[in-house]
Amino acid sequence: MSEQCVIPTSEEDQALKERLEVYVDNVQRADPDIQKVALDRLREEIRSSTSSMTSVPKPLKFLRPHYSPLKAYFDIFMEDSDVKKKLADILSVLAMTMATGERESLKYRLLGSAEEIGSWGHEYVRNLAGEISQEFARRQFDDTPLDDMMDLVQQIVAFHMKHNAEPEAVDLLMEVEDLDLLIEHVDETNYKRACLYLTSSSSYLPGPDDILALDIAYSIYMNFKDYTSALRLALFLDNIQHVKRVFTSCEDLLQKKQFCYIIARHGMVLELDDEMAVEDEDREALQDIINNVKLSEGYLTLARDVEVMEPKSPEDIYKVHLIDGRATAGAGVDSARQNLAATFVNAFVNAGFGQDKLMTVSSESSSGSSTGGWIFKNKEHGKASAAASLGMILLWDVDSGLAQIDKYLHSNDNHIVAGALLGVGIVTCGIKNDCDPMILTIRIGAIMGLGLAYAGSQKEELKVPLSQILGDAKTPLEVLAFTAISLGLVYVGSCNEEVAQSIIFALMDRSEAELNDSLTRLLPVALGLLFLGKQESVEATAEVSKTFNEKIRKFCDVTLLSLAYAGTGNVLKVQKLLGYCAQHLEKNELHQGPAVLGIALVAMAEDLGLDMAVRSLEHLLQYGEQNIRRVVPLALGLLCISNPKVNVMDTLSRLSHDTDGEVSMAAIISLGLIGAGTNNARIAGMLRNLSSYYYKEAGHLFCVRIAQGLVHLGKGLLTLSPYHSDRFLLSPTALAGLTTVLFACLDMKNTILGKYHYLLYFITLAMQPRMLLTVDENQKPLSVPVRVGQAVDVVGQAGRPKTITGFQTHTTPVLLAAGDRAELATEKYIPLSPVLEGFVILRENPDYEEEK
């Protein structure tokens, strides 16, 4: 708007304009009394119109032409007095509509009478906050003092917090780099919304500001005794001291039990000490929950409730009768390969149910033959997978699991013993048991079993024996690769230097021929797992990796970068990885595979980045070289794991008929990953059609069968998503298991389709029930009504918006799909966790009154 006079449109406006002009003339008189009266009148006129700011108020419009003369008068003629300060206040408000770019509103505010800031309305406060952030940057640059401005910041923050504008208060404090002030200004009514905004915005802040924001939120939660929320942040920050502080600060035993359920779901291995739980009896009960002892029981409660206890056979999944036309699926495919596929499908579908139709059939029912009947229908290393599948079927049920597997440990066939040892590891995956099944016969089965059983535990007893295998020059390459991966899993995210060194030396000692073997590529993956999600901590190791043989140097460098920034959403790293993918290279360059997977690993942290990564991967499909196209399906599978998004499903369906065999196999496996545990009918239909399309291709058919097993994982009760607690926390062990399988899939012909198909069992680490099971104070299941619907993002919204939409009411236990959120539909109980997922303890509400 130019400075010419605004034309009044009515008599009322004309009268107002004339009144204002008289006041302005009076302000410029010499008599201080007349000036004071005129200023008071001007002030009333402006205030009465600025209480709501839908458009520029009339008085401000009519006063625009007088802004410059008043400014000149203020600067030249007026002595310091109260009258001058009052005029400064009015000029500060007028400057808001002038947009001179000189931050005059702030300048005059600092010269003014320092009265209550909110009296001029919200818009004025917002405008001041904007000018403060610009002025702060300038003063920092010039190195001038900030004290007068920080007083103003205090007032603005106090005003915002009082008026439900927490996001604006947080933004201002971030601009002036003084988030600590927030702690003084939050109260019972607004701390949740302030912390929600802090945690959500942390994923868009550069380091170390993001950690600072989360630390402040943690302190606020602790101050207001919201311990469960504080624990979620402590786990997110992966700060064991914070976790301990939550335990020691909280007095309530039930609340501590809820903490333990959250920690168990996260996969953190935690030994409780005397400070965290004083009474021995309580400590044992809490440690049992952390050790996941109740998981099998809860899972079976859910299965009984949903009525899916009946074991299913692979044929129930293939549904051959629904496929018309083509020769019956499987004609011309070697039956050992088919039996191996059936072994995996059977294990995935009946995972954790403790009974099936192939492995656990009692000897009488299987027409006189012994239980081992099915195992012997597999050849050589197939027998190992078959014996191990028993572990998957008895998943989490340690006592009866170890008893049933025991008989295979005494077999004369080495493959079966190796499989049984792996089975022991699978049964105890995610569970800690008193009778540690530590059997250190050095075979791949035992080593892999140890990796699964002790993932994330950083168990010292394993470091020495496993490191010795790595250091032994006679160790065969396959044993070496599995040993490294198991060490990577046990020490996941620990940045342990000793383990890192032993893996680095093992890599340096490999011959040229061994470096060409696809198993060698698991060594850099193992090295990356040590730094999973630990960002800068990887840099020293990355420097060392630059000295490796050039065949593996770049592969190792990109793998370390991808894993170190996994789940951080770091945009700069995604750009760097996209840069690697954009190069058009010679045929045998290996490092672009991990770069594509890296994009998915880094970008899976939040929804916006995830959608952008899916689009970037579409571009790579169109313009990338063949070796990149082969990995894109796997990256899409990781981004949408257990979350069948229609656009991704269509892309993978298209790629599953690709002319390049490796692209289509990767797409088929990824269809299984995005539908894992969802029973998605559309994906199941696609896979049935693919099984008849590829009926002559043994490799493709095997992939289709594995994908079918994954879609029906645990009969639809399990998820592979490493994220939990409202997609806020990332479980490092779950992500490590998925990453290992996906990196193995970079060269499927030599790993999963070769003799290392048991690599697929690493996926056990990510398997978790996608349930909400409410329990009472004695940990017994309790049925209550809950509303389940699509989660709505309510960060920074005013009032108390609904957090779910399109809900249905069910009684617990219930299944939660990807993107679902649950809330209690009764006030009779109070949940002890802000996020209703997994095991949630309910306490009776003392204020509840039955409706008459």
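Trainee: In β11, which residue is the bridge partner of Leu773?

Mentor: Good place to start! Helices (H or I, at least four residues) and strands (E, at least two) are DSSP runs numbered from the N terminus, and two strands pair if DSSP finds at least two bridges between them. Here, Leu773 has Phe839 as its bridge partner in β11. Strand β11 covers residues 838-844 and pairs with β5 in the parallel sense over four bridges. Before we go on, remember that this is a predicted model, where local features need pLDDT of at least 70, side-chain atom pairs count only at pLDDT 80 or more, and totals for chains, interfaces and linings use all residues. Residues are numbered from 1 along each chain as its sequence is written, and side-chain values use heavy atoms, with hydrogens and water left out.

Trainee: Which residue in β8 does Leu772 stand opposite?

Mentor: Leu772 faces Val814 there. Strand β8 (residues 814-815) runs antiparallel to β5, and two bridges join them.

Trainee: Is β5 largely enclosed or open, and why?

Mentor: Buried means under 20% relative accessible area, exposed over 50%, and partly exposed in between (1.4 Å probe, protein chains only). Strand β5 (residues 771-775) has five of its five residues buried, so the rest of the structure largely encloses it. On one side the buried residues are Met771, Leu773 and Val775, and on the other Leu772 and Thr774.

Trainee: How many cavities of 30 Å³ or more are there?

Mentor: On a 1 Å grid over the protein atoms alone, a cavity is a set of points where a 1.4 Å probe fits but cannot get out; a pocket is an open set with protein on both sides within 12 Å along at least five of seven lines, and lining residues have an atom within 4 Å of a point. Points are joined across faces, edges and corners, and a volume is the space filled by probe spheres set on them. This structure holds six such cavities, and the largest has a volume of about 310 Å³. Its lining has 27 residues, with Gly267, Asn292, Gly430, Ile431 and Ala455 the closest to the centre. Helix α15 supplies the largest share of that lining, three residues.

Trainee: What volume does the second largest pocket have?

Mentor: About 690 Å³. Of its 32 lining residues, Leu590, Asn627, Arg630, Glu662 and Leu746 are the closest to the centre. Helix α32 gives the most to this lining, with three residues.
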